Amino acid sequence: MKKIINDPKTVVAESLRGLAAAHADVLRVEDDPAIVVRVDAPSAGKVAVISGGGSGHEPLHGGFVGQGMLSAAVPGAVFTSPTPDAVEAAVKATTGDAGALLIVKNYTGDVLNFETAGELAAAEGLDVRSVVIDDDVAVKDSTYTAGRRGVGGTVLLEKITGAAAERGDALDAVEALARKVIGQVRSIGVALTAPTVPHAGEPSFDLADDEIEFGIGIHGEPGIERTAVVSADELVARMVEAVVTDLPFAEGDKVLLFTNSMGGTPLVELYLAHGIAERLLAERGIVVERRLVGPYITSLEMQGMSLTLLKLDDELTELWDAPVNTPALRWGV
């Protein structure tokens, strides 16, 4: 294993210190338990939007803390859910009378720990709601989940709900909007290599040089099928088919297309794949109105990619376009 680290046990803490140093204008990091919080939190009269999960998916979630997106992020150890006390600390640091929305990826540990934290905060009089995102079309149940996994759609959900909270929407409205997004977003991922968790010291699964893993999650768990390496045209066509037919998306639909690197795939390959996806969607009469391309929800250094489609309407498009100022996403400010 070759990584730019000191000690596997301190990777997350040291990384958070670097995040805080690099983006002190946007966020702060609190220790014991570790949370990442908007520098101006709590925002009076506004709903707090909070998410989190295991580290190793950067910039998700800490890189999305800031104006127009997350009020706080709760990082666990690499690929490990944060504890309920850490989630509760994030709620207390950011939540006022307007309440809070917890965005939870559908992994068993995340669901249980965020649910517990929400109950603890509610017992202290805070209005805390939660939504669970499960946009992965690859599997119904997996190593870490009961039901579908929460993957790339999480980024879009955090942006849109964060924009709604920023403009002053009430908690009921922000929660309803989140459920709308969850119902209209779908994702699929593939891997060319496996990630190596620092404390494990070896790849989480084995892939031969001539193999790819189709339908992977973001924690190094295997996909639904292992196949021979194919051309980019063939691979992206299969991914588009899996996503489009699941909702299903139909001719005339307006969508946001999110083409994501799993961490190790370079932009030259990612833009190539994105171009293929745009062409294939156009051939189906699906209109790509908005786009996001880059490494925004990763799995350490895994080579691979994911495609996410969100069905848009005027409201979702307006909220996507709204100003955002975070370490990883920044426009309109």
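Here are some questions and answers about this predicted model.

Q: Which two domains does the domain assignment of the chain give, and how far apart do their C-alpha centres lie?
A: The assignment splits the chain into domain 1 (10-182) and domain 2 (185-324). Taking the C-alpha centres of domain 1 and domain 2, the distance between them is 22 Å.

Q: How many residues does each domain bring to the contact, and how much area do domain 1 and domain 2 bury between them?
A: The contact takes 39 residues from domain 1 and 39 residues from domain 2. Of the area buried between the two domains, 67% is on carbon and sulfur atoms. The buried area comes to about 3300 Å².

Q: Which helix gives the most to the side of domain 1 that touches domain 2?
A: Across this interface there are 18 residue pairs in polar contact. On the domain 1 side, α4 and α5 (171-183) each supply at least two residues. With seven residues, the helix that gives the most is α4.

Q: Where does the largest nonpolar core lie, given the domains that give residues to it?
A: This core has 58 residues, and Phe64, Val155 and Phe258 are among those with the most contacts inside it. Its largest share, seven residues, comes from helix α4 (residues 153-166). Because both domains give residues to this core, its place is between domain 1 and domain 2.

Q: Which residues of helix α4 (residues 153-166) does Phe258 contact, leaving aside neighbours within four places in sequence?
A: The contacts of Phe258 include Leu292, Tyr296 and Ile297. Helix α4 covers residues 153-166, and the contacts of Phe258 that fall in that range are Val155 and Leu156.

Q: How many residues are in the second, separate core?
A: This core stands apart from the largest one, and its members include Val190, Ile212, Val243 and Ile286. Its size is 28 residues.

Q: Why does the salt bridge of Glu315 and Arg167 tie together parts apart in sequence, and how many residues apart are they?
A: The closest N and O atoms of Glu315 and Arg167 are 3.4 Å apart. Glu315 lies in helix α8 (residues 314-321), while Arg167 is in the loop between α4 and α5, so the pair ties together parts that are separated in sequence by 148 residues.

Q: Which residues are linked with Arg167 in a network of salt bridges?
A: A search of the whole structure finds 29 salt bridges, and the count between domain 1 and domain 2 is six. The network that holds Arg167 also links Asp169, Lys180, Asp313, Glu315 and Glu318.

Q: Which two acidic partners meet Arg279 in salt bridges?
A: One partner lies in helix α6 (residues 232-244) and is 46 residues from Arg279 in sequence; its salt bridge is 3.2 Å, N to O. The other shares helix α7 with Arg279, four residues away, about one turn of the helix. These partners are Asp233 and Glu283.

Q: Is Glu283 buried or exposed?
A: Exposed means over 50% relative accessible area. Glu283 has a relative accessible area of 57%, so Glu283 is exposed.

Q: Is Asn325 buried or exposed, and which side chain makes a polar contact with its side chain?
A: Asn325 lies in strand β13 (residues 324-325). Its relative accessible area is 18%, so Asn325 is buried. Its contacts include Val26, Val65 and Val333. At 2.7 Å, the side chain in polar contact with that of Asn325 belongs to Arg330.

Methods. Residues numbered from 1 in each chain as written. Predicted model: local features only at pLDDT ≥ 70, side-chain atom pairs only at ≥ 80, totals over all residues. Heavy atoms only, no water. Core = buried A, V, L, I, M, F, W, Y, C linked by side-chain atoms within 4.5 Å. Buried < 20%, exposed > 50% of the residue type's maximum accessible area, 1.4 Å probe, protein only. Domains from an automatic or database assignment. Contact = heavy atoms within 4.5 Å. Buried area = accessible area lost by both parts, 1.4 Å probe. Salt bridge = Lys/Arg side-chain N within 4 Å of Asp/Glu carboxyl O. Polar contact = N/O pair within 3.5 Å; in protein donor to acceptor, adjacent residues only side chain to side chain.
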